[in-house]
Amino acid sequence: MFAVRVGLQKFNIPHKFEIESIITLYARWIREGKLKVNSDWNKERKIKFTVQDPCQLVRKTFGDPMAEDLRYVTKAVVGEENFIEMTPNRSNNYCCGGGGGFLQNGMPEARRAFGKVKYDQIMATGAQYAITPCHNCHSQIHDLSEYYEGGYHSVHLWTLICLSMGILGENEREYLGEDLADVDVLYSKEEQ
Amino acid sequence: MAEEAIKLGGKKKSTFIDQVKGLLPDGGNLNLCLTCGACSSGCPATGLEGMDPRKFLRMAALGMDDEVLSSDWAWMCTLCMRCIYVCPMKIDIPQLVFNVRKSRPREERPKGILGSCDMALKHDTCSAMGASEEDFQFVVEDVLEEVRETQPGFENLEAPINKKGAEYFLNQNSREPVTEPDEMVPLWKILHSVGADWTYGTKGWAAENYCLFMADLENWEHIVRVKAKAVDDLGCKYWLNTE
Ligand code: SF4
Ligand code: SF4
């Protein structure tokens, strides 16, 4: 998205559309009551979540208002009491090391050394899940957990939103841990 | 003393940082460094290759062009912009790094990014994994059919492709259609639940753009143009970026 937004300006490319982020829409739809998420599924379980503020989305594009929308959605889905901030956060957050082409450039040792900062930041929260609403962050933070054996999971918001609405199918749980594998599954017709 | 030695070592007349200054508004403030270290202390690339952003800037300012231009560190900085965000003088170190990348002959840039950029130029999908228009359409329709047949409550789920006048033109990272197509489904369900008017486009659907990070301006521009045209051709109001 950063590439498109900056590219449109830099190269003076005429266009009629506006750029929007799905995070903004999630937040708007939840506020308007259209997206009926709730955090009841996590009341008893008390599974802890932290959130990665993607550089491209927050610091480099929309700034702190986007970070607030991200928290609003997260809290609505996992429960306010189950959300833990990383330090530092929002526009001040550390890059995870998945961006800038690092995942593609064939320098895994340097990439993981860079990512150790992020890994330590996540581990310090004690959260079992890091919400990563960006593909590069998702891949990198997932890899860091495996490589340094942190045991936390890296998960997209779309997975948790559907989980909280009871509409997450069996094949859509790749990134959930055992603790959530069987929660509110939307089973296929044959199995019902 | 040490500083003096460095200066002498780099005495040959250098123009690299001057060239970069010439490209940036206010010269990127590249000669305003207070050496406070705020950039380096919050940069996760500090220490890699014995480098950090303050040092990189300093070396460039001292005219140590060979060291700066040949260093792999420019490919280890993620252009995350935290340094400029915290810098009291708003010094544009990421642009300095970007231009170091750009100065390397194209074929000598890291193979992985080069391959991803080149792959994205093969089809108007802009997919860095090389997925074609047909590949994408096939996967989306296949996954959709399976969900409609098996998942209760989603018999009417939709994943429109090339729907003219839809409000949102949704992009998608290639990883999903290519390697984990089931991951697209939760997003479709969310859009379905709120009754959003959206579409994919067979052209320009891929969200990624590695040509930017490869500092390949020409192809970065090409990709943005293809995507912008795809959205405008369908008459969509918003280009919707996913997670
Ligand atoms: S934060 Fe800015 S002023 Fe301070 S050392 Fe870094 S570049 Fe120089
Ligand atoms: S843009 Fe590069 S130098 Fe600046 S903080 Fe990020 S990784 Fe470090």
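## Exercises: a sheet, a helix and two ligand shells

Chain A of this predicted model holds an open sheet of 3 strands, ordered S2-S3-S4 with parallel pairing. Strands here are DSSP runs of E with at least two residues, helices are runs of H or I with at least four, and both are numbered from the N terminus. Two strands pair if DSSP finds at least two bridges between them.

A word on conventions: residues are numbered from 1 along each chain as its sequence is written, while chains are lettered from A and ligands numbered from 1 in the order written. Local features need pLDDT of at least 70, side-chain atom pairs count only at pLDDT 80 or more, totals for chains, interfaces and linings use all residues, and side-chain values use heavy atoms, without hydrogens and water.

**Exercise 1.** Find which strands of chain A stand at the edges of the sheet.

*Solution.* Strand S2 (49-51) and S4 of chain A each have a single partner strand, so one side of each is left without a neighbour in the sheet. From one strand to the next, the twist averages 30°. Next, take the pair S3(A) and S4(A): they are joined in the parallel sense over 3 bridges. Ala130(A) stands opposite Ser154(A) in S4(A). H6(A) packs on the sheet, touching S3 and S4 of chain A, and its direction makes about 170° with that of S4(A). Contact means heavy atoms within 4.5 Å; axes are lines fitted to C-alpha atoms, for helices over the stretch in contact, with angles from 0 to 180 degrees between N-to-C directions.

**Exercise 2.** Check the span of helix H6 (residues 135-147) of chain A.

*Solution.* The expected span is 1.5 Å times one less than the number of residues. For 13 residues this should be 18 Å, and the end C-alpha atoms are 18 Å apart, which agrees. Just after H6(A), Glu149(A) takes a positive phi of about 55°.

**Exercise 3.** Work out where ligand 2 lies and how its shell divides by class.

*Solution.* Start with position: ligand 2 lies between chains A and B. Its surrounding residues (a heavy atom within 4 Å) include Phe114(A), Trp73(B) and Arg82(B). Then sort by class: the shell has 10 nonpolar, 1 polar and 1 charged residues. Ala, Val, Leu, Ile, Met, Phe, Trp, Tyr, Cys and Pro count as nonpolar, Asp, Glu, Lys and Arg as charged, and the others, Gly among them, as polar.

**Exercise 4.** Name the closest residues around ligand 1.

*Solution.* Of 13 surrounding residues, the closest are Cys33(B), Cys36(B), Gly37(B), Cys39(B) and Cys87(B).
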